[in-house]
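Me: I have a structure open here and have not looked at it before. Could you walk me through it while I ask questions?

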Amino acid sequence: MKHSADCSACAGMVQRLPRNLGRALIWIYRHTLSPLVGYNCRHLPTCSVYADEAIERFGLWGGGWMTLARLLRCQPWGTSGIDNVPQTTPPGARWYLPWRFGRWRGVNAP
C-alpha cells in the first residue's frame, strides 16, 4: 500500500516538472535581466509576475499562451492598466486550441 502512495507522489512531481521549470526560468529572468532592463511594464502586475502566476495556475502550456498574449499586448500601441490572470480557464480553451487561453486584446481589470 505504501508503494502506491509513493508512486502517486512521484507522478505528481513529474507532472509538475514542466510548470516548475517554466517558473524557474521566470525567477532567473527576474534576478538577472530584469534589473538591467528596468521597470517599465505597462500593466499591473508586471509581465513576469503575470507569467509566474499564469503558469502556476494553468500549467506551462496554458499559462505560456496567456503569457505570450500578455507580452504581445505590452508594447507602445498595446494595452495598459490592471490585467490580472483569470481565476478560471477561459471559455473554449483546450490543449488543442491553445490560442484560446490568451487574452489578445484588452485587460482584465477588476
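Reply: What follows is a short tour of this predicted model, taken one topic at a time.

Me: How many helices and strands does the chain have, and in what order do the elements run?

Reply: The chain has three helices and two strands, and, read from the N terminus, these elements follow the order α-α-β-α-β. The helices are H1 (2-31), H2 (33-37) and H3 (47-73), while the strands are S1 (43-44) and S2 (81-82).

Me: What does the C-alpha trace span along its principal axes, and what share of the residues is buried?

Reply: The C-alpha trace spans about 55 × 35 × 25 Å along those axes, and buried residues account for 31% of the 110 residues in the chain. If you look at contacts between residues at least 6 apart in sequence, 70% of them join residues at least 24 apart.

Me: And how far apart in space are Ala11 and Gln75?

Reply: Their C-alpha atoms are 40 Å apart, with the two positions 64 residues apart in sequence terms. Ala11 has its place in helix H1, and it is partly exposed, with a relative accessible area of 44%.

Me: New topic: how many disulfides does a search of the whole structure find?

Reply: That search finds zero disulfides.

Me: Why is there no bond between Cys41 and Cys47?

Reply: The closest cysteine sulfur to that of Cys41 is the one in Cys47, and at 3.3 Å it is too far for a bond, because a pair of sulfur atoms has to lie within 2.5 Å to count as a disulfide. Cys74 is in no disulfide either, and the cysteine sulfur nearest to its own is again that of Cys47, at 3.8 Å. As for its surroundings, Cys74 is partly exposed, with a relative accessible area of 22%.

Me: What about pockets, what volume does the largest one have, and which residues are closest to its centre?

Reply: The largest pocket has a volume of about 330 Å³. It is lined by 15 residues, and those closest to its centre are Tyr29, Ser34, Thr46, Cys47 and Ser48.

Me: Which helix gives the most to that lining?

Reply: Helix H3 does, with five residues, although H1, H2 and H3 each supply at least two residues of the lining. Sorted by class, the lining of the largest pocket holds nine nonpolar and six polar residues, and no charged ones.

Me: Where does Pro45 lie, and is the peptide bond from Leu44 to Pro45 cis or trans?

Reply: Pro45 lies in the loop between strand S1 and helix H3, and the peptide bond that leads to it from Leu44 is cis, with omega near -5°.

Me: Let me switch to aromatic rings. How many aromatic pairs does the search find?

Reply: The search of the whole structure finds two aromatic pairs. In one of them, Trp61 and Trp65 meet edge-to-face, at 6.0 Å centre to centre and with 70° between the planes. Both of these residues lie in helix H3, four residues apart, which is about one turn of the helix.

Me: Are Trp61 and Trp65 buried, partly exposed or exposed?

Reply: Trp61 is partly exposed, with a relative accessible area of 46%, and Trp65 is also partly exposed, with a value of 24%. The other pair is formed by Trp95 and Tyr96, which are edge-to-face as well, at 5.6 Å centre to centre and with 90° between the planes. Of these residues, Trp95 is exposed, with a relative accessible area of 65%, whereas Tyr96 is partly exposed, at 49%.

Me: One last residue: where is Phe101, and is it buried or exposed?

Reply: Phe101 is in the segment after strand S2, and it counts as buried because its relative accessibility is 10%, which falls under the 20% limit.

Me: Which residues is Phe101 in contact with, apart from its neighbours in sequence?

Reply: Leaving aside neighbours within four places in sequence, the contacts of Phe101 are Gly62, Trp65, Met66, Thr89, Pro90, Ala93, Arg94 and Trp95. Among them, Gly62 lies in helix H3 and is buried, with a relative accessible area of 2%. Gly62 and Ala93 are 31 residues apart in sequence, and their C-alpha atoms are separated by 8.3 Å.

Methods:
Residues are numbered from 1 along each chain as its sequence is written. This is a predicted model: local features need pLDDT of at least 70, side-chain atom pairs count only at pLDDT 80 or more; totals for chains, interfaces and linings use all residues. Side-chain values use heavy atoms; hydrogens and water are left out. Buried means under 20% relative accessible area, exposed over 50%, partly exposed in between (1.4 Å probe, protein chains only). Contact means heavy atoms within 4.5 Å. On a 1 Å grid over the protein atoms alone, a cavity is a set of points where a 1.4 Å probe fits but cannot get out, and a pocket is an open set with protein on both sides within 12 Å along at least five of seven lines; lining residues have an atom within 4 Å of a point. Grid points are joined across faces, edges and corners, and a volume is the space filled by probe spheres set on the points. Ala, Val, Leu, Ile, Met, Phe, Trp, Tyr, Cys and Pro count as nonpolar, Asp, Glu, Lys and Arg as charged, and the others, Gly among them, as polar. Rings of Phe, Tyr and Trp (its six-membered ring) pair if their centres lie within 6.5 Å; planes under 30 degrees apart count as stacked, over 60 as edge-to-face and the rest as tilted.
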